[in-house]
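Here's a walk through one model, from its helices to its cores, cavities and odd backbone angles. Have the structure open as you read.

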Amino acid sequence: MKRALICGVGGQDGAYLAKLLLAKGYEVVGTSRDADTTPFTNLERLGILEHVSTVSMRIDDYHSVQSIVSSTKPDEIYNLAGQSSVGLSFDHPVETMEGIVCGTMNLLESIRAVESSIRIFNAGSGECFGEAGQIPVTESSPFHPHSPYAVAKTAAHNLVKTYREAYGMFACTGILFNHESPLRSKRFVTKKIVCAAADIFAGQNTKLQLGNLDVYRDWGWAEEYVEAMWLMLQQEAADDYIIATGKTVSLEYFVEKAFAYFNLNWKDHTEIDAAHFRLSDAQYISANPEKANKQLMWRSTVGVEEVINRLCKDASEAR
């Protein structure tokens with residue numbers, strides 16, 4: 001039986017990954033900052049909480065990380081911890097850098113100190129590419145980060161690559177583009193949109209406050225993306241891969257389709273508020289996932305329209 005250590009098991013990706021690994025016969029150990037007080041709502045929602053061993057670990061503290069890596073002796077580590085919100089990273093840049101950059105370094109150094117054969121997956125981000133234009137980016141495209149979050153993810157990506165090349169570690173980064181699910185927190189704009197549309201359809205007299213709708217992203221389905229994470233650690237050699245659908249649409253398109261699901265005209269129920277604009281943002285990011293399609297035999301099957309429909313259905317049923 002393989003043992004996996006999932007750092008950040010309580011989040012959207014951590015919960016779906018835990019479910020996937022349990023189904024594959026893994027023993028799963030998951031971390032949070034304080035496992036004794038964390039409710040692990042997502043694990044409970046998926047019906048797997050009692051099957052996951054949870055431990056406390058501070059990702060930004062080397063001794064805490066090394067202690068857990070040493071005591072659990074995992075075959076695989078999945079680094080999904082740290083700040084996950086681009087917008088929030090502007091308000092808490094120091095915390096963002098410490099959690100993502102120092103956290104990644106702590107995991108890599110712990111592996112090097114405890115057992116160099118441990119395989120590690122690092123969650124990267126398509127936000128690292130910044131303003132890439134309408135030409136789809138590949139794994140060799142340069143990074144031009146536009147936020148503290150993207151800067152931190154870029155640094156973590158480079159750390160993983162350095163440790164792979166310098167120390168021969170099996171360390172890889174999944175350059176993950178936007179991926180959604182019902183487990184998303186309401187601080188993410190996609191969840192905010194579908195919940196507002198469901199509320200308005202149910203009779204709530206309110207206006208949805210939004211920022212810049214003229215941004216373009218690639219939205220996929222989270223359950224498919226965690227399978228790509230696992231596949232990366234099953235390869236003969238470690239490498240980095242873009243994980244995306246290959247289709248880019250605007251946030252305005254997302255809003256329009258979400259409200260249309262409830263037979264509503266989004267323009268009647270939304271307002272643009274400058275307070276919701278990011279201090280700096282990439283307008284258009286398009287991805288080419290061909291490498292993952294060919295080498296991992298992984299391909300997204302849930303397009304953005306189906307992503308929106310599933311989120312709206314869940315938001316409606318959750319009322």
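## Helix α7 and its cover

The buried residues of α7 are covered by elements that include β7 (179–180), β8 (208–210), α9 (251–261) and α11. Keep in mind that this is a predicted model. As for which residues those are, T190, K191, I193, V194, C195, A196, A197, A198 and I200 are buried in α7.

The helix itself runs over residues 189–201, and its 13 residues span 18 Å from first C-alpha to last, close to the 18 Å expected at 1.5 Å a residue. After α7 comes G203, with a positive phi near 115°.

## Helix α1 and L21

Now for α1. This helix has 12 residues and reaches 17 Å between its first and last C-alpha, close to the 16 Å expected at 1.5 Å a residue. It's mostly covered, with nine of the 12 residues buried: Q12, D13, G14, A15, Y16, L17, A18, L20 and L21. Just after α1 sits G25, with a positive phi of about 90°.

L21 is a good residue to click on in α1. Its relative accessibility is 0%, so L21 counts as buried, the cut-off being under 20%. Leaving out residues up to four places away in sequence, L21 touches A4, I6, Y26, V28, Y78 and W230. The W230 contact bridges a long stretch of chain: L21 and W230 are 209 residues apart in sequence, yet 8.2 Å apart in space, C-alpha to C-alpha.

## The nonpolar cores

Which residues touch the most other members of the largest nonpolar core? Of its 39 residues, they are I6, L21, Y78, F121 and I243. The elements giving two or more residues to this core are β1 (3–7), α1 (12–23), β5 (119–125), β6 (171–176), α8 (222–232), β11 (241–243) and α10. Helix α8 gives the most, with eight residues. Apart from this core lies another, of 28 residues, among them V255, F259, L264 and L311. As a general point, nonpolar side chains in soluble globular proteins tend to be buried together.

I243 shows how one core residue meets several parts of the chain. Not counting residues up to four places away in sequence, I243 touches I175, L176, F177, Y225, A228, M232, A292, L296 and W298.

## Cavities and T104

A search of the whole structure turns up two cavities of 30 Å³ or more. The largest has a volume of about 40 Å³, and its lining is made of N79, A81, G99, I100, T104, N122, A123 and K153. Two elements, α5 (93–114) and β5, give two or more residues to that lining. Helix α5 gives the most, with three residues.

Is T104, one of the lining residues, buried or exposed? T104 lies in helix α5 and counts as buried, because its relative accessibility is 2%. Beyond residues up to four places away in sequence, T104 touches N79, N122, A156 and V160. Of these contacts, N79 and N122 also appear in the cavity lining.

## The loop between α10 and α11

The loop between α10 (290–296) and α11 (304–318) holds S300. S300 is buried, as its relative accessible area is 16% and the cut-off is under 20%. The side chain of S300 makes a polar contact with the side chain of E224, at 3.3 Å. With residues up to four places away in sequence set aside, S300 touches E224, A244 and T245.

M297 is found in the loop between α10 and α11 too. M297 counts as exposed, because its relative accessibility is 69%. Its phi is near 60°, a positive value in a residue other than glycine.

## Another positive phi

Most residues other than glycine have a negative phi. Where does F40 sit? F40 is in the loop between β2 (27–32) and α2 (41–45), and its phi is positive, about 50°, although F40 is not a glycine. F40 is buried, since its relative accessible area is 4%.

Technical notes: Residues are numbered from 1 along each chain as its sequence is written. This is a predicted model: local features need pLDDT of at least 70, side-chain atom pairs count only at pLDDT 80 or more; totals for chains, interfaces and linings use all residues. Side-chain values use heavy atoms; hydrogens and water are left out. Helices (H or I, at least four residues) and strands (E, at least two) are DSSP runs, numbered from the N terminus. Buried means under 20% relative accessible area, exposed over 50%, partly exposed in between (1.4 Å probe, protein chains only). A polar contact is a pair of N or O atoms within 3.5 Å; within protein, one must be able to donate a hydrogen and the other to accept it, and residues adjacent in sequence count only if both atoms are side-chain atoms. Contact means heavy atoms within 4.5 Å. A nonpolar core is a set of buried Ala, Val, Leu, Ile, Met, Phe, Trp, Tyr and Cys residues joined through side-chain atoms within 4.5 Å. The expected span of a helix is 1.5 Å times one less than its number of residues. On a 1 Å grid over the protein atoms alone, a cavity is a set of points where a 1.4 Å probe fits but cannot get out, and a pocket is an open set with protein on both sides within 12 Å along at least five of seven lines; lining residues have an atom within 4 Å of a point. Grid points are joined across faces, edges and corners, and a volume is the space filled by probe spheres set on the points.
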